[in-house]
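The following note sets out comments on the model for a colleague's consideration. The points are numbered for ease of reply.

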Amino acid sequence: MESDEFLHLLSEEDNPEEQLKALHACLEKLPEEQRTSITRFFLEEMSYADIAEQTGLTLNNVKSYIQNGKRNLKICIKKQTL
């Protein structure tokens, strides 16, 4: 299930269905490490430590990929829904 924080990337002003489509399309455009980290953190509700352990990434890299991935998703969604 998608977490509320993940869905917070969507604007309340625009069509929610259109934004959800954009979110999924933009998720596919992310670099693999960002997509994996975001998917596991928000959709699978895994901890940073669990993601790091399963992927072999460092804890700091996981945090960075999630932060940068969220930013990139937000930018991409805005462009897609204009």
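**Comments on the model**

1. Just beyond the end of α3, E45 adopts a positive phi of about 55°. This is a predicted model, and the backbone angle at E45 is accordingly a computed value.

2. The helix that precedes E45 may be taken next. For the twelve residues of α3, a rise of 1.5 Å a residue gives an expected span of 16 Å, and the C-alpha atoms at the ends of α3 are 15 Å apart, which agrees. The buried residues of α3 are Q34, R35, T36, S37, I38 and F42.

3. As to overall architecture, the chain contains five helices and zero strands. Read from the N terminus, the order of elements is α-α-α-α-α. Of the 82 residues, 32% count as buried. The accessible surface amounts to about 5500 Å², and carbon and sulfur atoms account for 48% of that surface. Among contacts between residues at least 6 apart in sequence, 58% connect residues at least 24 apart.

4. Which residues have the most contacts inside the largest nonpolar core? They are I38 and L73, in a core of 15 residues. At least two residues of this core come from each of α2 (16-29), α3 (32-43), α4 (48-55) and α5 (59-80). The greatest contribution is that of α5, which provides five residues. In soluble globular proteins, nonpolar side chains tend to be buried together.

5. V62 merits a separate comment. This residue belongs to helix α5 and is buried, with a relative accessible area of 0%. When neighbours within four places in sequence are set aside, V62 is in contact with S37, Y48, I51, A52 and L57. S37, one of these partners, is 25 residues away from V62 along the chain, yet the C-alpha atoms of the two are separated by 6.2 Å. S37 is itself among the buried residues of α3.

6. The structure holds one disulfide, formed by C26 and C76, with the sulfur atoms 2.0 Å apart. The pair links distant parts of the chain, since C26 lies in helix α2 and C76 in helix α5, 50 residues apart. The torsion about the S-S bond of C26 and C76 is about -80°, so the disulfide is left-handed. Both C26 and C76 are buried.

7. The count of salt bridges comes to one. In it, the side chains of E32 and R35 meet at a nitrogen-to-oxygen distance of 2.5 Å. Both residues lie in helix α3, three residues apart, or about one turn of the helix. An α-helix has 3.6 residues a turn, so residues three or four places apart point the same way. Side chains of opposite charge can pair when their charged atoms come close.

8. Is each partner of the salt bridge buried or partly exposed? E32 is partly exposed, at a relative accessible area of 47%, whereas R35 is buried, at 18%. R35 falls in the buried class because its 18% lies under the 20% cut-off.

Notes. Residues are numbered from 1 along each chain as its sequence is written. This is a predicted model: local features need pLDDT of at least 70, side-chain atom pairs count only at pLDDT 80 or more; totals for chains, interfaces and linings use all residues. Side-chain values use heavy atoms; hydrogens and water are left out. A nonpolar core is a set of buried Ala, Val, Leu, Ile, Met, Phe, Trp, Tyr and Cys residues joined through side-chain atoms within 4.5 Å. Buried means under 20% relative accessible area, exposed over 50%, partly exposed in between (1.4 Å probe, protein chains only). Helices (H or I, at least four residues) and strands (E, at least two) are DSSP runs, numbered from the N terminus. A salt bridge is a side-chain nitrogen of Lys or Arg within 4 Å of a carboxyl oxygen of Asp or Glu. Contact means heavy atoms within 4.5 Å. Accessible areas come from the Shrake-Rupley method with a 1.4 Å probe; for residues, only the protein chains shown count as cover. The expected span of a helix is 1.5 Å times one less than its number of residues. A disulfide is a pair of cysteine sulfur atoms within 2.5 Å.
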